[in-house]
Amino acid sequence: MSSESSTATNTEFEAESGIVATLKELRYSPTAVSGGFIVAILIGMGLFSTIDLYVFDKQLITALLADPHEMDQINAYAPPSASHPMGTDQFGRDVFARVIYGSRIALAIGLIAVGISFVGGVLIGAFAAYSGGYTDDVLMRLIEVLYSIPGLVLAMTLMAIMGASIYNLFFAYGIIGIPAYARVMRSEVLSIREEEYVDAARAAGLPTYKILLREIIPNGFAAVLVQATLSLGGVIIGAAALSFLGFGVQPPTASWGRMLNTAQEALLIAPWVAAFPGLMIFLTVMGFNMLGDGLRDAMDPKTSLKNSYDEDNLPVPGADDSGTRTQTAVDDPTSPNIDLQDGGDD
Amino acid sequence: MALLEVEDLRTYFYTEEGIVQAVDGVSFEVERGETLGLVGESGAGKSVAVKSLLGLIRPPGHVVDGSVRFKGDDLTEYSEAQLRNQVRGTEISVIFQDPMSALNPVFTVGTQISEIIEHHRDVTHEAAWSRAVELLDDVGIPDPAERADQYPHEFSGGMQQRALIAMALSCEPDLIIADEPTTALDVTIQAQILDLFDDIKTKYDTSMIYVTHDLGVVREVCDRVSVMYLGEIAESAPYEELYRNPKHPYTQALLRSTVSADRRTEDLDPIEGSMPSAIHPPSGCRYRTRCPVAFEDCSRGEPPRFDVGPDHDAACLHYGDGGDGDPKLHETGRPGTGVGGTGGDR
């Protein structure tokens, strides 16, 4: 009995359509762990600056470093020193403080824009694939029209129409991200909709929206999640590019792209003003890409994990697990899942 | 009036290769409390026929003709929404072939059952959940309260099938369609499931259509049997009559090719050839290409279903007036007649 319950708790991780299982696999990938580390620091910086800004009114950062918006003309373009670890910019503002505050904007753009594309893409892709026929054709052709316009140009056009503001930046990048998600989701759903549980749900009289939201989307989630992590970096770079070009985030709000823009005037005399925001953009994008790469790698065994209950040759779940587990164990012999082998046979 | 009266049902698939006449003029009736067996080899159109009843056929398939009278109302005239809200799950429910893939892997079994109850009945979530636990208890799942909280992959194959049966029973339908429900299970579990069907038929007072290719299983659960061949019904009779006194050459051949424990494999007499394509079915009697006793008239026009005994009909010209001059054949009622039995008149 005890071994049976331990099996249950172990396999429970694989129940969540492989998402939890995938996340669990992640810690065996050094790439993903480093990526996760960078992303965690970024999130820490973002949280710190947000709390500092809204709760303490910049008291914390002023005490520790300097007010990111406070000008100090005498100290303009001061090189890195003990009091200004990353130097100061043309108005004498502390670059380090501004870099920390910039992470808030970068993360917000990344998460909100990706959130918009994610939700929009998943819904459109799933609906198109599930409906099939003309609905599918029309929706996907519209999506492809959106896809055929270069992202930056489209974002600039949208910003020019709607006006430069951070909310419009979220919106513009959210819209241009939709096609990628819609296509990934569509291809997932094309196979999921043939599953018997979808037929079973139809035969039970559940309406289309319930079938989409309960049966189809949760099962196709994992692939889109990888797409989301991988495109986060791209969105952050894109937003930085827009800010650099003068659209997007408006001064005096600290944003890495905007900082780069102003720093170019003094690139030779004060390279630190450009170097540090640039480095942060680089690290952020690398962090998210490494995390996404790790996620994608961890997804590969997921296909075999998923098979353990899709395949029709096992009267008792777990009996076949030894086979699928060996495949996973090739990647990481230290996998704790190995105790499934002895627990799964009863 | 019978509970379900299917008349001249035709379901065609309009594919690029041509029109697949998967179900072509099928008629049968199911009385209240009765279990009808729909038997035939793979590709005979059994599953398409039962899916057509509920309007579950997806394009390019269409129900092109015929009527499905359920409690007197023609289901083919119902709209999709009417079918969904008034028939599927509540009046007629389906149990699918492969229990492993007919349950949604990302939700607990209890959630999936209570979801259907909540959708069709005006009950609270708690009431639906406790009903789901009751149902799991009814279908013989031990510790139903605990099991309801588990995911499908934590169930054994037999348990999964029991859970699916519970799901089909959830809104107490008047008719349950079981589409090869034991095909994916091994024989010991199969026997348990067949017993369970007997129990629930009495307890819930439902009628059943039992689709299978296994004549042995039919003996266990069915009151009447309709034998299907290439989209048409070849023979229909109460099961005892059909076993003792098969009339259609196809039924006779099927019975001779059935494996049973007291029969050596050498004694088996497989049916020669394979089923022709449903795109260009043979003219006249569709079985004539493999029929050992086919004669000239068999290629001219479809054979009607002749009465060959009490509540027993067979679609074979040998029993018609324009047949072969041996109309006495069915009256002699030679049990288990071999090829020679019907073939003597060639």
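In this predicted model, B:V109 counts as buried because 28 C-beta neighbours lie inside 10 Å of this residue, and 20 or more are enough for that class. B:V109 belongs to helix α4 of chain B, which covers residues 109-120. Apart from neighbours within four places in sequence, the contacts of B:V109 are B:L103, B:R147, B:A148, B:Q150, B:P152, B:F155 and B:A163. For one of these, B:F155, the separation from B:V109 is 46 residues in sequence, while the C-alpha atoms of the two are 9.2 Å apart in space.

B:A163, one of the residues in contact with B:V109, also takes part in a packing of two helices. Helix α5 (residues 125-138) and helix α7 (residues 157-169), both of chain B, pack with their axes 9 Å apart and at an angle of about 125°. This angle makes α5(B) oblique to α7(B), because it falls neither in the range of 65 to 115 degrees, which counts as roughly perpendicular, nor over 145, which counts as roughly antiparallel. The two helices, α5(B) and α7(B), cross in a right-handed manner. On the side of α5(B), the contact is made by B:L135, B:L136 and B:D138; on the side of α7(B), B:A163, B:A166 and B:L169 contribute. Sorted by class, the contact of α5(B) with α7(B) has five nonpolar residues, one charged residue and no polar ones.

Chain B also contains an open sheet of eight strands with mixed pairing, in the order β6-β7-β8-β3-β9-β10-β12-β11. Its edge strands, each paired on one side only, are β6 (92-95) and β11 (306-309) of chain B. On average, and with direction ignored, neighbouring strands of the sheet are turned by 25° against each other. In general, the strands of a sheet pair through backbone hydrogen bonds, in either a parallel or an antiparallel sense. Strand β10 (residues 232-238) and strand β12 (residues 312-314) of chain B pair in the antiparallel sense, over two bridges. Here B:S236 stands opposite B:D313 of β12(B). Helix α11 (residues 249-256) of chain B packs on the sheet and touches β9 (224-229) and β10 of chain B. The direction of α11 makes about 100° with that of β9(B).

Chain A has 14 helices and zero strands. Of the 346 residues in chain A, 46% are buried. Among contacts in chain A between residues at least 6 apart in sequence, 69% join residues at least 24 apart.

Notes:
Residues are numbered from 1 along each chain as its sequence is written. Chains are lettered from A and ligands numbered from 1 in the order in which they are written. This is a predicted model: local features need pLDDT of at least 70, side-chain atom pairs count only at pLDDT 80 or more; totals for chains, interfaces and linings use all residues. Helices (H or I, at least four residues) and strands (E, at least two) are DSSP runs, numbered from the N terminus. A residue is buried if 20 or more other C-beta atoms lie within 10 Å of its own, exposed if 12 or fewer, and partly exposed in between; C-beta atoms are placed from the backbone. Two residues are in contact if their C-beta atoms, placed from the backbone, lie within 7 Å. Axes are lines fitted to C-alpha atoms, for helices over the stretch in contact, and angles run from 0 to 180 degrees between N-to-C directions. Angles under 35 degrees count as roughly parallel, over 145 as roughly antiparallel, 65 to 115 as roughly perpendicular and the rest as oblique. A crossing is left-handed if the near helix is turned anticlockwise from the far one by less than a right angle, and right-handed if clockwise. Ala, Val, Leu, Ile, Met, Phe, Trp, Tyr, Cys and Pro count as nonpolar, Asp, Glu, Lys and Arg as charged, and the others, Gly among them, as polar. Two strands pair if DSSP finds at least two bridges between them.
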